[in-house]
Amino acid sequence: MLGKEKIDYSTNSTLPTSRKLETGLPGKVILITGANTGIGAAIAKGCLDAGAKSVYSLDLKEPSGTNEFVTVQAEYPGQAFYLNGDVTKIETLQKAFATVLEKEETIDGVVANAGVTIRKGALEYTPEEWDFIINVNLKGVVNTCNVAVDTFLSLRKPGSIVVTASMVSHGTNKSAPSLPYQATKSAILGVVRGFAAEFGPQGIRINCVSPGYIQTALTTYHLTDDMWDYKLGIWGGLHRLGEPRELAGTYVYFLSDASSFTSGVDIKVHGATDAW
Ligand SMILES: NC(=O)c1ccc[n+]([C@@H]2O[C@H](COP(=O)([O-])OP(=O)(O)OC[C@H]3O[C@@H](n4cnc5c(N)ncnc54)[C@H](O)[C@@H]3O)[C@@H](O)[C@H]2O)c1
């Protein structure tokens, strides 16, 4: 009868094998989409700081110049690698995952982080702009989760996926509106809950991080320092923009055994921006 099947929890259980609390990522292999810059690069560095064996940035172009992933590669020689891929094209994800498996024989964690935005009034978006944002932020996340789940199932081992949502998954950014961005970032909360429910019995965990205002190219270009000061003064909380590195701990937590019984949830890392 449906719901009465006996589940063998010993298969692919997320239960930690060690009885000692493990908050780091010793020996783990982590793939992060959009890790050449900003938040993704900070997650990559955080994973390596936490003992990961290697991290992979799946991104559109080879990192170069001011891309923060270049600095991560310099700090951790032989542990931070670039993979060419586009999250809107599932075959490029499949190829990139295969490359990692060939080299590492495993993948322990995947972060679906790549995202884009265009800011303007709701009625001003062209159909192409809607498609662009939906394709990267929603379908790109689903593609990444599909390939990650397939990979964990084929490896017959537990795995952890973390998705980058946003504080606009929970509210509205009135001063910098982007309706398609808000729509996609809200939708992925449902994607996370759906994957968590369906693949939990196979030992796959999936969770979300919702960053607030973080100092990256995506955020800072549209307001002056004075405007940020005014805005964050009204919105309360820690009264400053966050730095990408301040998010990394939450990703490491979700990727580590410390969160072995946590799946299908979202953590807002926004300096209490909603404390108005
Ligand atoms: N910066 C913020 O304040 C903030 C707040 C909330 C959520 N976020 C989210 O955090 C994530 C990272 O944003 P960021 O601020 O670091 O921006 P960013 O622009 O610095 O980084 C985004 C990265 O994604 C890559 N990318 C874009 N399209 C891609 C595609 N189709 N395939 C593969 N890679 C692609 C880019 O090349 C870039 O390296 C995004 O999902 C964004 O929505 C950012």
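Q: What makes a residue one of the 27 that surround the ligand?
A: A residue counts as near a molecule if one of its heavy atoms lies within 4 Å of it. In this predicted model, 27 residues surround the ligand, and the closest are Asp-59, Asn-113, Tyr-181, Thr-216 and Thr-219. Local features need pLDDT of at least 70, side-chain atom pairs count only at pLDDT 80 or more, and totals for chains, interfaces and linings use all residues. Residues are numbered from 1 along each chain as its sequence is written, and side-chain values use heavy atoms, with hydrogens and water left out.

Q: Why is the pair formed by the ligand and the side chain of Thr-216 called a polar contact?
A: A polar contact is a pair of N or O atoms within 3.5 Å; within protein, one must be able to donate a hydrogen and the other to accept it, and residues adjacent in sequence count only if both atoms are side-chain atoms. An oxygen atom of the ligand is 2.6 Å from an N or O atom in the side chain of Thr-216, so this pair is a polar contact.

Q: How do you know that the protein chain is as compact as a globular protein of its length?
A: The protein chain has 8 helices and 7 strands (DSSP runs numbered from the N terminus: helices, H or I, of at least four residues; strands, E, of at least two). Its radius of gyration, taken over C-alpha atoms, is 19 Å. The globule rule, 2.2 Å times the number of residues to the power 0.38, gives 19 Å for 276 residues. The two values are close, so the chain is as compact as a globular protein of that length.

Q: What makes a residue of the protein chain count as buried, and what percentage of the 276 residues do so?
A: Buried means under 20% relative accessible area, exposed over 50%, and partly exposed in between, with a 1.4 Å probe and protein chains only. By this definition, 48% of the 276 residues count as buried.
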